[in-house]
Amino acid sequence: MEVRERRNRRPLLTTAITTAVALTSTSSSSYTSCNAFSLSPPTKSIQSSSKLGVSIGLGPDEPPPTAEETTSEASAAQQVKKNPIFANPYDPSRIIKDEDGNIKPHITDMEPYRTERLSTSDKNADLWFGKLLDSSGGDSFLGPISTNHKERLLTKVELKDEPVLTYGEDEEWTPYVTRRLPTSPLYPAYGLETYGLPILRRGSEAWRHYDVNSLLAIDYSTVPDGIGSDYTLGKDGGDKEEIIQSLKDKGAWLDDNECAGRLVYVNGMFCPELSMETDDVKNLDTSDFEEGKLSQETLDYLARLPDGFTDTLAAEVPDESRGPLTSLEKLSGPDHSVGKATSQFAINNQQGTAAFAALNSVKAGCVAYVEGNSQEKTKPVLIVNAQTPSGGKSTGTEEDTGVAFHPRTLAVANDGSLLSMVQMCVDLDDTAEDKSPCATLVNGYTQIFVGSNANFTHSFLEESGGKATPRVELSDVEVEADESLTENPRDVEARRPALRNTHLQAIDVHVTGDNGNYESSLMELGGSGRSRIAISTSLLRPGAFASINGFALSGGAQRTDMRTNIHHMAQGTTSRQEQRNMVGGRSTASFRGRIRVEQSAQQTDSEQLSRTILLSDHARIWATPSLEIIADDVTCTHGATVSDLSEEELFYLRSRGLDMITSRNLLMYAFVEEIGSSVDETIAGGFDDESGLRQRIIKRLENLVPAGEKELVGGEFQSV
């Protein structure tokens, strides 16, 4: 018999739209799809058979349906039961023929097809990640957390078809599904071919516009010498006072009377001699993960994975119609939910951080733990992650092999508390004579939980990797004509050791209490060749508020990426986001901001704006703000702008006696200051403070400011 696609005559328009959606989505689907078995129950319709043996519904033939032809939901469900095609689309008795009329066999064993679609780049990505996971010397320091997350990585996703639900009987039934033909294989979602969590892929949505191939070209499988133990001063040269002075020069130090606690980590190892621990600010090492020492709540927090791979919500979401909601994949009902985290639809909207978060759990040697209990404004908690040029790599290892370390932070603001936390990533001078610069991978994971009526202020400053080389935007002709240059700046940038460094940071925030407040300032200022900050904020309770201000500075040949996700789940939640990017030289930056408003999040108020300044016509930016709104009573806005420095503003400043470079610096700093002013004032320092944040930003901006006049390029004035 032939395979036939039958359609209900009455909902013809809905059926056509559903079919169109299913067919146009096959490019991103994880398998060949056929929507013939997910439509409304059948009644009489015209059929037309194609060469493939699949009939095509052509709609109703004459007059509209009569009352007798219009069936109720109950009778429709009975028809579905009686029709084996709709009851089980994978019935072994079904016959499907190819173009030549030959019967095609049904495929039931999917394992031979699991890795069939892998490209060379995909295979390299799996090998690269496998080396990080299998590297010796750093496993299971976090006890059951490390064990469970490693098992999660190594357990492959089961290849099985979604259950066939019955229209009118199953509450989770939806027409928006795609199914494979029984003669087609079932493939895993993109990135899930080898591991149980999606690995980075050059063509995936999560890693689009990122320099994946250059990342894969560097082996970071070496583990820092002594990971899992405390860092000893003098190990990499220098005594306590010298290291403190070095941190002060970089603005990464607060004295004991200036902070509520201080945790300092060097190359992923805790340094007790530079830290100030309290009952609420402390380092968790291997001994703390012995059975019974940590509360179950703390272990549950640490066990959570981002991107929806921990499906149970961190707090119940109130919903009048459906009761308390506890499952992420089922929010907004079957027609609008994001679905299982391992589905291709869900992966297309993820940040790609789950696998690296699990890797962090496996390899992290310790955890920075911060708890907020005070109901009065307190001094900030400072967490410093410093890295030496050698990255703690022991002598005798392969020279071309890089080193990876995995900073981990857990912060909990209890009900009614006020907490301010500052995280800084900086370079630390390595004075040991027998060490040379080494490529480093920093894979950080920060988890934040905000309770009822709590206020959490978070500042994250990434300043590692030195500075990018200035004037790399000059052409060869311009370099030869400039007598002040003794070497092509592009050649100098290509030899810069930090260009081989990679910094990945995942921040997972959950506002778990009514009227909880989370405010963050993220500054991506470093000179590493590749850097990426991904923050996800879940507003789970009524009245929750989140404010995310971000700034990314990119120059030389850098690749920077900023990803944000604000998830409104409860009613009456509010969010504000402003992202600013400044891109110069021949660098590339990208920003992707996603706001999703669930059906249960009525009366949501959300604003998002991305603004970018391109300092040269060789710089590139991809800015993608996005809104996904399921609720129908919301106030949401989003937008993006990209421009050069204003010619009119430059003219005004120059007419007041300022030269071109000073005028540009003034405008560039004003652009950044609106974000920089939201950083905790204790760590920002005074305006004239040489080691303060403002002065450090000014020096980095001066390093990127174009030196020439503005010229008419492509009909627009651009900096040269």
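The following exercises, with worked solutions, concern a predicted model of one protein chain.

In this predicted model, local features need pLDDT of at least 70 and side-chain atom pairs count only at pLDDT 80 or more, while totals for chains, interfaces and linings use all residues. Residues are numbered from 1 along each chain as its sequence is written, and side-chain values use heavy atoms, with hydrogens and water left out.

**Exercise 1. The chain as a whole**

State how many helices and strands the chain has, and what share of its residues is buried.

Solution. Step 1: helices (H or I, at least four residues) and strands (E, at least two) are DSSP runs, numbered from the N terminus. By this rule the chain has 16 helices and 26 strands.
Step 2: buried means under 20% relative accessible area, exposed over 50%, and partly exposed in between (1.4 Å probe, protein chains only). Of the 720 residues, 55% count as buried.
Step 3: contact means heavy atoms within 4.5 Å. Among contacts with a separation of 6 or more, 80% involve residues 24 or more positions apart.

**Exercise 2. The open sheet**

Give the strand order of the open sheet of ten strands and identify which strands stand at its edges.

Solution. Step 1: strands of a sheet pair through backbone hydrogen bonds, either parallel or antiparallel. Here two strands pair if DSSP finds at least two bridges between them.
Step 2: the order is β4-β3-β9-β12-β14-β16-β18-β20-β22-β24, and the pairing is mixed. At the edges stand β4 (269-270) and β24 (634-643); each has a single partner strand, so one side of each is left without a neighbour in the sheet.
Step 3: consider three pairs within this order. β12 and β14 are parallel and share eight bridges; Val 422 stands opposite Ser 459 in β14. β14 and β16 also run parallel, joined by eight bridges, and Glu 462 stands opposite Glu 524 in β16. Strand β16 (residues 517-524) is in turn parallel to β18 (residues 545-554), with eight bridges; the bridge partner of Met 523 is Phe 551 in β18.
Step 4: six of the eight residues of β14 are buried, so this strand is largely enclosed by the rest of the structure.

**Exercise 3. Helices α13 and α14**

Determine how the axes of α13 and α14 are oriented to each other.

Solution. Step 1: axes are lines fitted to C-alpha atoms, for helices over the stretch in contact, and angles run from 0 to 180 degrees between N-to-C directions. The axes of α13 (residues 647-655) and α14 come within 9 Å and cross at roughly 125°.
Step 2: angles under 35 degrees count as roughly parallel, over 145 as roughly antiparallel, 65 to 115 as roughly perpendicular, and the rest as oblique. The two helices are therefore oblique to each other.
Step 3: at the contact, Glu 649, Leu 650, Leu 653 and Arg 654 in α13 meet Met 660, Ser 663, Arg 664, Leu 666 and Leu 667 in α14.
Step 4: helix α14 (residues 660-676) also lies across β16, β18, β20 (574-583) and β22 (604-614), and runs at about 150° to β20.
Step 5: helix α16 (residues 693-704) packs on the sheet too, touching β12 (418-427), β14 (455-462), β16, β18 and β20, and makes about 40° with the direction of β18.

**Exercise 4. An enclosed helix**

Explain why helix α10 counts as largely enclosed, and name what its buried residues pack against.

Solution. Step 1: ten of the ten residues of α10 (residues 354-363) are buried, so the helix is largely enclosed by the rest of the structure. Among them are Phe 356, Asn 360 and Lys 363.
Step 2: the buried residues of α10 pack against α4 (120-134), α5, β11 (408-413), β13 (440-450) and β15 (502-511).

**Exercise 5. Individual residues**

Decide whether His 209 and Ser 332 are buried or partly exposed, and state the sign of their phi.

Solution. Step 1: most residues other than glycine have a negative phi, and most peptide bonds are trans.
Step 2: His 209, in the loop between α5 (144-154) and α6 (212-216), has a positive phi of about 70°. At 31% relative accessibility, His 209 counts as partly exposed.
Step 3: Ser 332, in the loop between β7 (325-327) and α9 (344-347), has a positive phi near 70°. At 5% relative accessibility, Ser 332 counts as buried.
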